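Student: I should like to work through a protein structure with you, question by question. Could we look at the sequence and the model together before we begin?

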Amino acid sequence: MKKTVLIGCLLLAGCAQETTEPTKSSQPEAKQPTEEKKPKPEPTKEERQQARLKQQLKAMSTSEKIDQLLYIGVAGTELSAADRKLLQTHAIGGVLLLGGNITSEEQLLTFTRAIQETNQKPYAFVGIDEEGGRVSRVPDQRLRLPTSQRMAQGADEVKMEDVGRTLGHLSRFYGFNMDFAPVLDVNSNPNNPIIGDRALSADPNTVATLGTALMHGMQETGTIPVVKHFPGHGNTSVDSHVGLPKVTASKEELKRTELLPFQEAIQEGAEMVMVAHILYPAYDDMNPSSLSKPILTDLLRQQLGFNGVIITDDLVMGAITKQYGLAEAARQSLVNGADMAMFSEAGAYTKVHAEVMQAVKEKTLTPEMLDAKVMRILKLKQTYADSQEQQRPTKSELIQQVEASTRTSEAKRLMLD
């Protein structure tokens, strides 16, 4: 304490003796260089999209989220008052039209326009089965393509991308934003009653290559392709519209054949996969693939790495209705990994919605699971949102496209025959 006081006095009085080392207080403090604040980087397109999706999801009620998981069919050849009210008051995820809904070109254009103008936002998927051949819904015969098998004969990837663009433009022309195609089934069973010439080939590598090219061509037009019928319908001897098919192949056999085209499509950017109603004992000996956790979640989602939207085939089919109630099947498919349950009877909406809501209340379908499903659906809708406003091709342009695709196909087929 005394030493401190003495030094203090000496400093106040001044010192005659010079010091060779300046004290800290005798030299000015050096200015520390100031770090320039770097501006925050602009959010990427993906980050902006994610932020919009989260905001959209947050604004939705649980009931609206469940609506997004339902892909319904409607009855008749025009939008009924009941169906119109359903689409106006509920955020239905998608609407399917089948052959029985279509009678003429003008009628179909009026029908799809009514659906688009009536449904709530976010916009509904409006889907059709347009493969060419015997699975074609377009009312004008001039716009019908040959079968997938015939189109694939002698074709390469460039040719099949052209065909994919034609399918996409056909869908867009008639007011659809989604086509349940291409078929990625391998025609491995000649006794198959449902696939046959709907398949591109009996060779899995050919199906993988040409099917993926078809998918890319459709994507270019702003039409969402739905690859089907996972895990593969080509090696069945029963039509799933009538009963439950069963494929007894081993996992190794399935990887080499049925699964190969789907794996290729997933790696090449498939955004939506339709799952069939088929029993695959190698993965699940109790439940058809469309209701099976080992197939929907373990195989498709985890092993094959698919992060897009999983939809069931129409649940109003014999393979399901003979063993399950529709609402029960929809609930099971969604709980076990599907994102969308499809059923072609709009009248079943109330019962199906209530059953899924019960799963949410019981937390067999947890809030996290529900949000993840809705986010995948909203993301796909947002990805294609701009294409909804794209100009559709004219009728004459479509006819030219179809004729060009058919001529090339026929010429190559004749060269091979």
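Tutor: Let us begin with a definition: a residue is buried when its relative accessible area is under 20%, exposed when that area is over 50%, and partly exposed in between, with a 1.4 Å probe and protein chains only. This is a predicted model, in which local features need pLDDT of at least 70 and side-chain atom pairs count only at pLDDT 80 or more, while totals for chains, interfaces and linings use all residues. Residues are numbered from 1 along each chain as its sequence is written, and side-chain values use heavy atoms, with hydrogens and water left out.

Student: What percentage of the residues in the chain is buried?

Tutor: The chain has 417 residues. Its secondary structure comes to 16 helices and 9 strands, which are DSSP runs (helices H or I, at least four residues; strands E, at least two) numbered from the N terminus. Of the residues in the chain, the buried part is 53%.

Student: Over which residues does pLDDT stay under 50?

Tutor: pLDDT is the predictor's confidence in each residue, from 0 to 100. Its mean over the chain is 88, and 88% of the residues reach 70 or more. Where pLDDT is low, the predicted coordinates should not be read in detail. The stretch with pLDDT under 50, for which the model has 2 contacts (heavy atoms within 4.5 Å) beyond four places in sequence, is residues 1-25.

Student: How far apart are the end C-alpha atoms of helix 14?

Tutor: Helix 14 covers residues 349-362, which is 14 residues. The expected span is 1.5 Å times one less than the number of residues, so helix 14 should span 20 Å. The model agrees, for the end C-alpha atoms are apart by 20 Å.

Student: Why do the buried residues of helix 14 line one face of the helix?

Tutor: The buried residues are Tyr349, Val352, His353, Val356, Met357, Ala359 and Val360, whereas Thr350, Lys351 and Lys361 are exposed on the other side. An α-helix has 3.6 residues a turn, so residues three or four places apart point the same way. Among the elements that cover the buried residues of helix 14 are helix 3, strand 1 and helix 15. The buried residues line one face because, seen down the axis of helix 14 and taking directions from the axis to the C-beta atoms, they fall within an arc of 155 degrees.

Student: Which residues have the most contacts inside the largest nonpolar core?

Tutor: A nonpolar core is a set of buried Ala, Val, Leu, Ile, Met, Phe, Trp, Tyr and Cys residues joined through side-chain atoms within 4.5 Å. The largest one has 113 residues. Leucine 300 touches residues including Phe230, Ile266 and Ile310, not counting those up to four places away in sequence. Those with the most contacts inside the core are Tyr71, Met160, Phe230, Leu300 and Val352.

Student: With the side chain of which residue does the side chain of serine 405 make a polar contact?

Tutor: Serine 405 lies in helix 16 and is buried, with a relative accessible area of 5%. A polar contact is a pair of N or O atoms within 3.5 Å; within protein, one must be able to donate a hydrogen and the other to accept it, and residues adjacent in sequence count only if both atoms are side-chain atoms. At 3.3 Å, the partner of serine 405 is threonine 166.

Student: What distance separates the C-alpha atoms of glycine 168 and glycine 222?

Tutor: Glycine 168 is in helix 7 and counts as buried, at 0% relative accessibility. Glycine 222 is 54 residues apart from glycine 168 along the chain. Their C-alpha atoms are separated by 7.3 Å.
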